[in-house]
Amino acid sequence: MKPNRSSPFQAAQKPRIERDPHPADLHVGRQIATVRVQSDVSQGQLARSIGVSVQQLQKYENARNRVSASMIYEIGKSLSVPVSRFFEGLPENGENDRATSPPLVDERIDFIASAEGRHLIGRLVRLPPRVRARVSALIAAIGEELSISECDEERRDGGRSGVARTLDT
């Protein structure tokens, strides 16, 4: 019977715990989504172009799966942008990467990449242009009304925050 020796090259067993994606993976995924949307390319079109499923592309964009160097190259080629475009805005090597907060994520891209956003956009594009314009105007009016209401509430409360008002009661 052989003695059970551990090798220094043996990988330690890691628990299968969900971990947050690395900030660089989040950044690259968001950049892929941003460039794709700016290029007016659908997820289906890009996925077909690079030879992956739409679900796989969604995993890249949401950083649930890391994107390999060769896949980043193919994505850049398909979207006609240099590979470096996906890394713009990341801290340089040598900067304290872990200490810096993750790059800011554009909430609009997050929404577009979400199932809810894709569902809403899918329904909006099926509307006739005139109706779509009216829906857009309605949403803008609601947004204005909400911001006016918040300003009025702040003026009535003398600029105190909602937390301060809650603590006073």
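Visitor: Which residues have the most contacts inside the largest nonpolar core?

Guide: Keep in mind that this is a predicted model. Its largest nonpolar core holds 15 residues, and Ile32, Leu57, Ile75 and Phe86 have the most contacts inside it. The elements giving two or more residues to this core are α1, α2, α3 and α4. Of these, α4 gives the most, with four residues.

Visitor: What does Leu57 touch?

Guide: Leaving out residues up to four places away in sequence, Leu57 touches Ile32, Arg36, Gln43, Leu46, Ala47, Ile50 and Val52.

Visitor: Let's step back to the whole fold. How many helices and strands does the protein chain have?

Guide: Eight helices and zero strands. Buried residues make up 22% of the 169 residues in the chain. Take the contacts with a separation of 6 or more: 56% of them join residues 24 or more positions apart. As for the surface, the chain exposes about 13100 Å², with carbon and sulfur atoms supplying 54% of it.

Visitor: How do I read a single helix, say α1? What do its buried residues pack against?

Guide: Start with its length. Helix α1 covers residues 23-38 and reaches 22 Å from its first C-alpha to its last, close to the 22 Å expected. Then look at what is covered: His27, Val28, Gly29, Arg30, Gln31, Ile32, Ala33, Thr34, Val35 and Arg36 are the buried residues of α1. They pack against α2 (43-50), α3 (54-61), α4 (69-79) and α5 (107-113). After the helix comes Asp40, which has a positive phi, near 60 degrees.

Visitor: Arg36 is on that buried list. Which residue forms a salt bridge with Arg36?

Guide: The general idea is that side chains of opposite charge can pair when their charged atoms come close. Here the partner of Arg36 is Glu61, with the closest N and O atoms 2.6 Å apart. Glu61 lies in helix α3 and Arg36 in helix α1, so the pair ties together parts 25 residues apart in sequence.

Visitor: Is Glu61 buried or exposed?

Guide: Buried: Glu61 has a relative accessible area of 0%. Arg36 is buried as well, with a value of 5%.

Visitor: How many salt bridges are there in total?

Guide: The count comes to four. Among them is the one between Asp25 and Arg66, at 2.7 Å from N to O. That pair links distant parts of the chain, since Asp25 sits in helix α1 and Arg66 in the loop between α3 and α4, 41 residues apart. Arg66 counts as exposed, at 62% relative accessibility.

Visitor: And where do Lys77 and Glu74 sit?

Guide: The general idea for a helix is that residues three or four places apart point the same way, because an α-helix has 3.6 residues a turn. Lys77 and Glu74 are three residues apart in helix α4, so about one helical turn separates them. Their side chains meet in a salt bridge of 3.8 Å, N to O. Lys77 is exposed at 52%, while Glu74 is partly exposed at 28%.

Visitor: What about uncharged polar groups? Which side chain joins Gln58 in a polar contact?

Guide: Gln43, at 3.1 Å. Gln58 is found in helix α3 and is buried, with a relative accessible area of 14%.

Visitor: Which side chain does Asn65 pair with in a polar contact?

Guide: Gln56, at 3.4 Å. Asn65 is in the loop between α3 and α4 and counts as partly exposed, at 28% relative accessibility. Asn65 is also 9.8 Å from Leu26, C-alpha to C-alpha, though the two are 39 residues apart in sequence.

Terms used:
Residues numbered from 1 in each chain as written. Predicted model: local features only at pLDDT ≥ 70, side-chain atom pairs only at ≥ 80, totals over all residues. Heavy atoms only, no water. Expected span 1.5 Å × (residues − 1). Buried < 20%, exposed > 50% of the residue type's maximum accessible area, 1.4 Å probe, protein only. Contact = heavy atoms within 4.5 Å. Core = buried A, V, L, I, M, F, W, Y, C linked by side-chain atoms within 4.5 Å. Polar contact = N/O pair within 3.5 Å; in protein donor to acceptor, adjacent residues only side chain to side chain. Areas by Shrake-Rupley, 256 points an atom, 1.4 Å probe, with all protein chains shown as cover.
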